[in-house]
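Subject: Handing over the two-chain model

Dear colleague,

I am passing on the structure below, and my notes on it follow. Please read them with the coordinates open beside you.

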Amino acid sequence: MYKHLFKLIWNKRKQNILFLSEILISFLVVFAVFSYLTYYYKNYIKPLGFDYDRVWAVSYNSDQLSKNADSLNIFYTNLNKALKAMPEIEAISFSSSNYPYSSSFMSTGLTQGGKKFNQISDFNVGSDYQKVWNIKLIDGRWFSPEDLISKNKEIIINETFSKEMFGTAKTAGKLIGDFDDKRKFKIIGVVNDFKANGDFVPANNLMFSRLDTTNLKWASTLLIRVRETAGASFESKLYKFMATMMRSAVEIQHVDEMRDARNKETIIPMLLFIIVAGFLIINVALGLFGVLWYNINKRKGEIGLRRAIGASGISVSTQMVLESLILATISVLIGCFFAVQFPLLNVFDVASGVYLIAILLSVLFIYTLVIACSLYPGRQAAAIHPAIALHED
Amino acid sequence: MIRLKNIEKVYRTATVETLAINRINLDIARGEFLSIMGPSGCGKSTLLNIMGLLDEPSKGDIKIDDQDIRSFSDKKLANFRNEKLGFIFQSYHLINDLQVLDNVELPLLYRNSSAKERKALATEALEKVGLSNRLKHFPTQLSGGQRQRVAIARAIVGRPQIILADEPTGNLDSAMGNEIMEILINLNKNEGTTIVMVTHDESMAHKTHRLVRLFDGSQVQ
């Protein structure tokens with residue numbers, strides 16, 4: 001029967017072009033949607049690498065502060081002490097402006113063992129930054145006061161960056177960077193990957209370096225982990241205190257709200273894409289339904305004949321569904337040929353697994369769509385009365 | 001072979017009831033060649049459809065090969081049609097997208113025959129109707145007479161005991177019509193196939209063993 005159906009489809013290839021094109025276009029659209037969704041889902045399920053709850057970001061303008069490094073250091077030490085004395089504060093840390101969800105980026109690059117690493121996020125952080133974000137170390141240690149006298153600049157990197165440079169080997173204690181020995185960075189710790197730009201954005205390579213007297217002037221944010229008891233009245237008190245200390249306006253943002261805003265930047269376009277694709281799929285489904293319905297009406301005589309020469313109602317409806325599935329298979333194979341180019345050519349620098357999952361989901365979706373659209377016309381074909389069909393034709 | 005007892009067929013719409021067949025009793029013996037004649041709309045094709053199990057009578061009993069087919073399921077009925085009956089239609093009902101050989105093989109597709117067996121039987125059937133040199137042609141490349149011969153080959157490929165022909169010469173000129181008639185007569189004579197033929201052509205009807213005339217759904221001869 002399959003050979004017979006293939007022959008019938010091949011001989012009617014011109015009439016089937018519309019059906020084939022509809023399925024092919026749907027497959028490619030669905031493949032794009034599933035690639036998009038799989039990519040974001042895979043990022044979403046990865047651990048965040050830090051805890052954003054009850055973290056407030058206080059941004060300030062440091063222009064009014066002393067330009068002298070020592071005076072500035074004393075000022076920040078005193079500010080730190082005064083804030084820590086507040087019972088609502090659990091931990092505080094100064095930071096460069098590129099803290100998680102801040103929409104501010106600082107990156108650097110280095111060459112290690114002849115291999116170039118670009119776009120490494122560079123976070124300049126205070127000594128209690130780990131406590132503020134509850135960052136887990138998987139190797140080595142966090143910054144300590146002794147680091148200030150080290151001849152190499154200490155850094156803490158993330159797990160993926162460590163693996164890209166040294167595989168599974170222990171990284172803490174290694175010097176990196178193809179510079180002369182003094183300028184090399186010393187890795188003192190490795191932390192879990194850190195999704196600083198939102199739940200759906202992958203964690204990129206990063207390094208934490210310590211804010212010291214030489215770069216303290218670049219600090220523009222104070223990150224505070226507050227206790228559960230801290231509410232609006234404390235926020236108001238903190239605002240007044242900071243504004244007085246900094247001699248300028250400050251802005252207090254809750255990081256959980258910043259996270260929601262960052263996630264919306266991904267979710268809203270994703271929803272729009274899904275809605276547009278959904279409408280397209282509905283149109284395609286209606287189109288398929290229409291094409292199949294039209295074919296059945298056009299083939300009433302053939303259906304009547306098949307019933308007369310020995311086809312049961314079930315075999316007629318099965319034939320209609322099988323024909324649709326064979327046509328869908330042809331389109332899906334062509335679609336897969338195009339889809340497979342994405343992992344092969346490493347398009348958009350996305351992991352091959354994302355595309356392969358998307359191909360699999362698209363194939364399943366198309367077959368489900370075709371079966372759903374052909375079942376009812378198939379049943380209608382089976383219900384055609386042979387005597388009437390043969391007489392009409 | 002075919003026994004019709006008090007067969008009635010009524011077509012009903014919301015407002016009108018049309019009696020298409022009125023109490024027909026007919027016994028057709030094995031190996032008989034019977035023709036049915038009558039004016040248009042007298043119920044000839046309806047009667048043939050009932051004999052071919054393509055339509056159900058409103059009343060009455062029908063037995064084919066001593067089997068009461070009214071209790072058959074759809075699948076059993078389809079198998080019965082496939083094995084026992086062959087159909088020839090005035091408008092041939094060939095599938096234009098399939099080659100002649102594939103058209104003739106069609107009934108065997110519903111029998112789980114192997115591809116080799118199907119091809120052998122279809123080629124043999126086409127040889128019988130003198131079309132062994134047209135296997136790879138499409139129906140649209142054939143004349144009306146050739147198309148009807150393909151339809152006959154399709155009707156006989158499964159070696160049915162009964163052939164039901166609905167005006168098989170209706171679309172053909174007299175020479176072609178006579179050729180088709182010759183093939184049917186030979187089938188009846190040589191293979192012992194029971195043939196029931198609906199026709200408008202008196203001369204064709206007189207070539208058969210028995211003539212049944214219908215008028216307004218009733219048997220008048």
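Which domains does the domain assignment of chain A give? There are two: domain 1, made up of residues 2–45 together with 261–392, and domain 2, which covers 62–248. Please keep in mind throughout that this is a predicted model; it scores ipTM 0.89 and pTM 0.80, and for chain B the mean pLDDT is 88, with 100% of the residues at 70 or more.

To begin with the arrangement of the domains, the C-alpha centres of domain 1 and domain 2 of chain A lie 52 Å apart, and the contact between them involves seven residues of domain 1 and seven residues of domain 2. On the domain 1 side, α2 (17–45) and α7 (255–298) of chain A each supply at least two of the residues that touch domain 2, and α7(A) has the largest share, with four residues. Sorted by class, that side of domain 1 has two nonpolar, three polar and two charged residues.

Chain A as a whole contains eleven helices and eleven strands. Its radius of gyration is 32 Å, whereas the globule rule gives 21 Å for 393 residues, so chain A is more spread out than a compact globule. The C-alpha trace of chain A spans about 100 × 50 × 30 Å along its principal axes, and buried residues account for 34% of the 393 residues in the chain. If one takes the contacts in chain A between residues at least 6 apart in sequence, 82% of them join residues that are at least 24 apart.

Turning to the interface between the chains, 22 residues of chain A are in contact with 24 residues of chain B. Four helices of chain A, namely α1 (2–11), α8 (300–308), α9 (313–344) and α11 (386–392), each supply at least two residues of the side that touches chain B, and α1(A) gives the most, with five residues. That side of chain A comprises nine nonpolar, eight polar and five charged residues.

In chain B, how many strands form the open sheet, and in what order? Four strands form it, in the order β2-β1-β4-β5, and the pairing is antiparallel. The edge strands are β2 (17–28) and β5 (67–68) of chain B, each of which pairs on one side only. Strand β4 (residues 59–64) of chain B is joined to β5(B) by two bridges, the two strands running antiparallel, and Lys63(B) stands opposite Asp68(B) in β5(B).

One residue of chain B that you may wish to look at is Met1(B), which lies in the segment before β1 (2–12) of chain B. Is Met1(B) buried, exposed or partly exposed? Met1(B) has 17 other C-beta atoms within 10 Å, which places it between the cut-offs of 20 or more for a buried residue and 12 or fewer for an exposed one, and so Met1(B) is partly exposed. Leaving aside its neighbours within four places in sequence, Met1(B) is in contact with Ile28(B), Ala29(B), Arg30(B), Asp65(B), Gln161(B), Ile162(B) and Thr194(B). Of these partners, Thr194(B) is 193 residues away from Met1(B) along the chain, yet the C-alpha atoms of the two are separated by 8.0 Å.

With best wishes

Technical notes. Residues numbered from 1 in each chain as written. Chains lettered and ligands numbered in written order. Predicted model: local features only at pLDDT ≥ 70, side-chain atom pairs only at ≥ 80, totals over all residues. Pairing = 2+ DSSP bridges. pLDDT = per-residue confidence, 0-100. Rg over C-alpha atoms; globule rule 2.2 N^0.38 Å. Contact = placed C-beta atoms within 7 Å. Nonpolar A, V, L, I, M, F, W, Y, C, P; charged D, E, K, R; others polar. Domains from an automatic or database assignment.
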